[in-house]
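Here is a set of short exercises to work through with the structure open beside you. Try each task yourself before reading its solution.

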Amino acid sequence: MTAEGLRFDAGEQRFYRGAQPLDLPPKAFQLLRQLVAQPDKLVTKEELLRLVWPDTHVGEAVLSVAIKQIR
């Protein structure tokens, strides 16, 4: 995926601005991967929590933190 100089490389598990890789914590990267994989779909908080934090009981606050890291 590319948009406005941004490139998401799921194979390399990297996110780039131009040629410069942007560091994302692993869970933030996984969250971004889920959102990029479903660009035309509304993804619920519950679905994101289930997909990114499977088998782990976490609250919505971790989702907010990961979104802030992506921004």
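## Exercise 1: Where two helices meet

In this predicted model, Ala28, Leu31 and Leu32 of α1 touch Leu63, Ala66, Ile67, Gln69 and Ile70 of α3.

**Task.** Describe how α1 and α3 pack, and sort the residues of their contact into nonpolar, polar and charged.

**Solution.**
- Step 1: Begin with the geometry. The axes of α1 and α3 lie 9 Å apart and the packing angle is about 85°.
- Step 2: Angles of 65 to 115 degrees count as roughly perpendicular, so α1 is roughly perpendicular to α3.
- Step 3: Now sort the contact of α1 with α3: 7 residues are nonpolar, 1 is polar and none is charged.

## Exercise 2: A second helix pair

**Task.** Do the same for α2 and α3: at what angle do they pack, and which residues make the contact?

**Solution.**
- Step 1: For α2 and α3, the angle is about 85° and the axes are 10 Å apart.
- Step 2: That makes α2 roughly perpendicular to α3.
- Step 3: From α2 come Lys45, Leu48 and Leu49, and from α3 come Glu60, Val62 and Leu63.
- Step 4: The contact of α2 with α3 divides into 4 nonpolar, no polar and 2 charged residues.

## Exercise 3: Charged pairs

**Task.** Find the partner of lysine 45 in a salt bridge, and say which helices the two residues lie in.

**Solution.**
- Step 1: Look for a carboxyl oxygen within 4 Å of the side-chain nitrogen. Glutamate 60 is the partner of lysine 45, with 3.1 Å between the closest N and O atoms.
- Step 2: Lysine 45 lies in helix α2 (residues 45–52) and glutamate 60 in helix α3 (residues 60–70), so this pair ties together parts that are 15 residues apart in sequence.
- Step 3: Check accessibility. Lysine 45 is partly exposed at 40%, and glutamate 60 is partly exposed at 41%.

**Task.** The model has 4 salt bridges. For the one between arginine 7 and aspartate 9, is each residue buried, partly exposed or exposed?

**Solution.**
- Step 1: The closest N and O atoms of arginine 7 and aspartate 9 are 3.7 Å apart.
- Step 2: Arginine 7 has 33% relative accessibility and counts as partly exposed.
- Step 3: Aspartate 9 has a relative accessible area of 18%; buried means under 20%, so aspartate 9 is buried.

For another pair, take arginine 14 and aspartate 23, which meet in a salt bridge at 3.4 Å, N to O. Arginine 14 is partly exposed at 28%, while aspartate 23 is exposed at 70%.

## Exercise 4: The nonpolar core

**Task.** Which helices supply the largest nonpolar core, and which residues does alanine 66 contact?

**Solution.**
- Step 1: The largest nonpolar core has 9 residues: Ala28, Leu31, Val43, Leu48, Leu49, Val52, Trp53, Leu63 and Ala66.
- Step 2: At least two residues of this core come from each of α1 (26–37), α2 and α3. The largest share, 3 residues, is from α2.
- Step 3: Setting aside neighbours within four places in sequence, alanine 66 is in contact with Ala28, Leu31 and Trp53.

## Exercise 5: Positive phi

**Task.** Where do glutamine 13 and aspartate 55 lie?

**Solution.**
- Step 1: Most residues other than glycine have a negative phi. Glutamine 13 has a positive phi near 55°, and aspartate 55 has a positive phi of about 60°.
- Step 2: Glutamine 13 sits in the loop between β2 (6–9) and β3 (14–17), and aspartate 55 in the loop between α2 and α3.
- Step 3: Glutamine 13 is partly exposed at 49%, whereas aspartate 55 is exposed at 87%.

Conventions
Residues are numbered from 1 along each chain as its sequence is written. This is a predicted model: local features need pLDDT of at least 70, side-chain atom pairs count only at pLDDT 80 or more; totals for chains, interfaces and linings use all residues. Side-chain values use heavy atoms; hydrogens and water are left out. Buried means under 20% relative accessible area, exposed over 50%, partly exposed in between (1.4 Å probe, protein chains only). Helices (H or I, at least four residues) and strands (E, at least two) are DSSP runs, numbered from the N terminus. A nonpolar core is a set of buried Ala, Val, Leu, Ile, Met, Phe, Trp, Tyr and Cys residues joined through side-chain atoms within 4.5 Å. Contact means heavy atoms within 4.5 Å. Axes are lines fitted to C-alpha atoms, for helices over the stretch in contact, and angles run from 0 to 180 degrees between N-to-C directions. Angles under 35 degrees count as roughly parallel, over 145 as roughly antiparallel, 65 to 115 as roughly perpendicular and the rest as oblique. Ala, Val, Leu, Ile, Met, Phe, Trp, Tyr, Cys and Pro count as nonpolar, Asp, Glu, Lys and Arg as charged, and the others, Gly among them, as polar.
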